[in-house]
Amino acid sequence: MITMAGSGLSNQVGAAIGSLAFPVLGPVGVVAVRQYVAAIALLTVGRPRLRDFTWAQWRPVLGLAVVFGTMNLSLYSAIDRIGLGLAVTLEFLGPLTIALAAARRRVDAFCAVIAAAGVVTLMRPQPSTDYVGMGLGLLAACCWASYILLNRSVGRRIPGVQGSATAAAISALTFLPVGIVLTLHRPPTAAAIGYAVAAGVLSSAVPYLADLFTLRHVPAQAFALFMSINPLLAALVGWIGLNQNLDWTEWASIGAIVAANTLSILARHN
């Protein structure tokens, strides 16, 4: 539990810091730097032996590489449009869907329904609703669900973090042309690069390593339910660090999501 909570907090703080570089680099530039940092960190730790990989091992690795880039790009683009708290809450629909599909006990289904009600309330249509931003958040949700399942598969088929390191490297290579174009078009400032690098460390390297370890020891549905704390963490970080205020309805909805998660964990241990 401590590992999962630390992973979530690191992820949200990193996203908040990365958003400070949006005016200079934009979401695409921040994600590009984030992918480079993640690849360097994971390759240093994992040191994958690519020649030893079989096709059965390459399949989930390639899928994870696609998910890495798409998940980060869609989430950061959503954060740029609708804010950290709402973007992460929409992204949570991914693991929530896994929880609903894998629920076997009534209490799990009940908790998932409560969490889903909170998410639906946050997504309610309003005059100022940014539907493009919401769509990007939903795309991030699909990617996060895929990330959970693929990371678990990679962890089972490939020892250590070799699989995740390889996936991160492939994803970083696809963003290399983006970084070159952005640098030539508009040279970034040192501060913007620093924010993006911090986002890479806190939101990529740390969570990926922590999640890989966690997913080898807990069921995917339990991991998905526990990760429901991310909307609360994102809302708090956005409020404190980015001055992104939420109204009482949004806070109540996020509280319902976290309460559902807590009830499920307590019931599981009992």
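Start with Trp144: leaving aside residues up to four places away in sequence, this side of the model has Trp144 touching Met71, Glu91, Phe92, Pro95, Met227 and Asn230. Bear in mind that this is a predicted model.

Trp144 also turns up in the largest nonpolar core, which counts 33 residues. Together with Phe68, Met71, Phe92, Tyr147 and Tyr208, Trp144 is one of the residues that touch the most other members of that core. Helices α2 (22-46), α3, α5 (93-102), α6 (106-122), α7 (131-157), α8 (162-185) and α12 each give two or more residues to this core. There's a second core too, separate from that one, with 27 residues, including Ala21, Val30, Ala32 and Ala192.

Now for the overall layout. The protein chain has 12 helices and 0 strands, so to speak an α-α-α-α-α-α-α-α-α-α-α-α run from the N terminus on. Of its 270 residues, 50% count as buried. Take the contacts between residues at least 6 apart in sequence, and 89% of them join residues at least 24 apart.

How far can you trust it? The chain averages a pLDDT of 82, and 88% of the residues score at least 70. The two ends of the range among the elements look like this:

| Element | Residues | Mean pLDDT |
|---|---|---|
| helix α3 (highest) | 55-82 | 90 |
| helix α10 (lowest) | 220-226 | 62 |

Helix α3 is also where you'll find Ser77. Is Ser77 buried or exposed? Ser77 is buried, because its relative accessible area is 17%, and the cut-off for buried is under 20%. Not counting residues up to four places away in sequence, Ser77 touches Pro27 and Leu136. Ser77 and Phe22 sit 55 residues apart in sequence, yet their C-alpha atoms are 9.5 Å apart in space.

Last stop, the pockets. The largest pocket holds about 350 Å³ of space. Which residues are closest to its centre? Out of 24 lining residues, they are Ile82, Leu86, Leu122, Leu246 and Glu250. Helices α4 (84-91), α11 (230-242) and α12 (248-269) are the elements that give two or more residues to the lining. Sorted by class, that lining has 11 nonpolar, 9 polar and 4 charged residues. Helix α12 thus appears in two lists: it gives two or more residues to the pocket lining and two or more to the largest nonpolar core.

Definitions and conventions:
Residues numbered from 1 in each chain as written. Predicted model: local features only at pLDDT ≥ 70, side-chain atom pairs only at ≥ 80, totals over all residues. Heavy atoms only, no water. pLDDT = per-residue confidence, 0-100. Helix = DSSP H or I, 4+ residues; strand = E, 2+ residues; numbered from the N terminus. 1 Å grid on protein atoms, 1.4 Å probe; cavity = no way out; pocket = protein on both sides within 12 Å on 5 of 7 lines; lining within 4 Å. Points joined across faces, edges and corners; volume = space filled by probe spheres on them. Nonpolar A, V, L, I, M, F, W, Y, C, P; charged D, E, K, R; others polar. Core = buried A, V, L, I, M, F, W, Y, C linked by side-chain atoms within 4.5 Å. Buried < 20%, exposed > 50% of the residue type's maximum accessible area, 1.4 Å probe, protein only. Contact = heavy atoms within 4.5 Å.
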